[in-house]
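Visitor: I should like to take a close look at a single part of this structure. Please then set that part in the context of the chain as a whole.

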Amino acid sequence: MFTRKLESYSTNTWYHMKVAVNGTYIKVFVDDMVNLKIDYTDNSLNPFTHGKIGVRTANKHTHFDNISVSP
């Protein structure tokens, strides 16, 4: 299951982002930390249940700051 709310974001603006993972459930919040922006369940044969984090953008000049990971 994949749910994503289409939204646009302003340039030259900092956003706070939170990714919460529980087993195969992945939830992404931006700024208000209440309203989901992405709600995803990895039902594949090899779900992402462990590993490393990474950040990236596509065709945009982006800065990331103060990244932390908690168990």
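Visitor: Which residue has a backbone oxygen that lies 3.2 Å from a polar atom of the side chain of T57?

Guide: The residue is K60: its backbone oxygen lies 3.2 Å from a polar atom of the T57 side chain. The model is a predicted one, and the distances and areas that follow are to be read as values computed from it.

T57 belongs to the segment that follows strand β4. With a relative accessible area of 35%, T57 is partly exposed, because that category covers the range between the 20% limit for buried residues and the 50% limit for exposed ones. Besides the approach to the backbone of K60, the side chain of T57 takes part in a polar contact of 3.4 Å with the side chain of T62. When neighbours within four places in sequence are set aside, T57 is in contact with T62 and F64. A further distance helps to place T57 in space: its C-alpha lies 18 Å from that of I26, a residue 31 positions away in sequence.

The two partners of T57 may now be considered in turn. T62, which shares the 3.4 Å side-chain polar contact with T57, is also located in the segment after β4. T62 is partly exposed, at a relative accessible area of 34%. Across a sequence separation of 48 residues, the C-alpha atoms of T62 and W14 are 9.8 Å apart.

F64 is likewise placed in the segment after β4, and its relative accessible area of 42% makes F64 partly exposed. F64 contributes to a nonpolar surface patch of about 500 Å², together with I53, V55, I67 and V69. T57 thus touches a member of this patch, since F64 is among its contacts and F64 is one of the patch residues.

The segment after β4 also contains D42. D42 is buried yet forms no salt bridge, and the nearest side chain of opposite charge, that of K27, is 13 Å away. The side chain of D42 does make a polar contact of 2.7 Å with the side chain of S44. Beyond its neighbours within four places in sequence, D42 is in contact with T24, P47 and F48.

K27 itself pairs with another acidic residue. K27 and D39 form a salt bridge in which the closest N and O atoms are 3.3 Å apart. This pair ties together parts that are 12 residues apart in sequence, because K27 lies in strand β3 (residues 25-30) and D39 in strand β4. The two partners differ in their cover: K27 is partly exposed, at 29% relative accessible area, whereas D39 is buried, at 17%. The structure holds one salt bridge. The K27 and D39 side chains are also joined by a polar contact of 3.3 Å.

Strand β2, which spans residues 17-22, includes M17. M17 counts as exposed because its relative accessibility is 57%, a value over the 50% limit. Leaving aside neighbours within four places in sequence, M17 is in contact with V28, F29, V30 and M33. M17 can also be placed relative to S68: these residues are 51 positions apart along the chain, and their C-alpha atoms are separated by 11 Å.

It remains to describe the chain around these parts. The chain has four strands and zero helices, and read along the sequence its pattern is β-β-β-β. Its C-alpha atoms fill a box of roughly 40 × 25 × 25 Å along the principal axes. Of its 71 residues, 11% count as buried; D39 is one residue that counts as buried. The accessible surface of the chain comes to about 6700 Å², with carbon and sulfur atoms accounting for 54% of that area. Among the contacts with a sequence separation of 6 or more, 30% join residues 24 or more positions apart.

To return to the part you selected, T57 is a partly exposed residue whose side chain has a polar atom 3.2 Å from the backbone oxygen of K60 and makes a polar contact with the side chain of T62.

Note on methods:
Residues are numbered from 1 along each chain as its sequence is written. This is a predicted model: local features need pLDDT of at least 70, side-chain atom pairs count only at pLDDT 80 or more; totals for chains, interfaces and linings use all residues. Side-chain values use heavy atoms; hydrogens and water are left out. Patches are made of residues with over 30% relative accessible area and no salt bridge: like charges are joined within 9 Å, nonpolar side chains (Val, Leu, Ile, Met, Phe, Trp, Tyr) within 5 Å. Accessible areas come from the Shrake-Rupley method with a 1.4 Å probe; for residues, only the protein chains shown count as cover. A salt bridge is a side-chain nitrogen of Lys or Arg within 4 Å of a carboxyl oxygen of Asp or Glu. Helices (H or I, at least four residues) and strands (E, at least two) are DSSP runs, numbered from the N terminus. Buried means under 20% relative accessible area, exposed over 50%, partly exposed in between (1.4 Å probe, protein chains only). Contact means heavy atoms within 4.5 Å. A polar contact is a pair of N or O atoms within 3.5 Å; within protein, one must be able to donate a hydrogen and the other to accept it, and residues adjacent in sequence count only if both atoms are side-chain atoms. Lys and Arg count as positive and Asp and Glu as negative; His and the chain ends are not counted.
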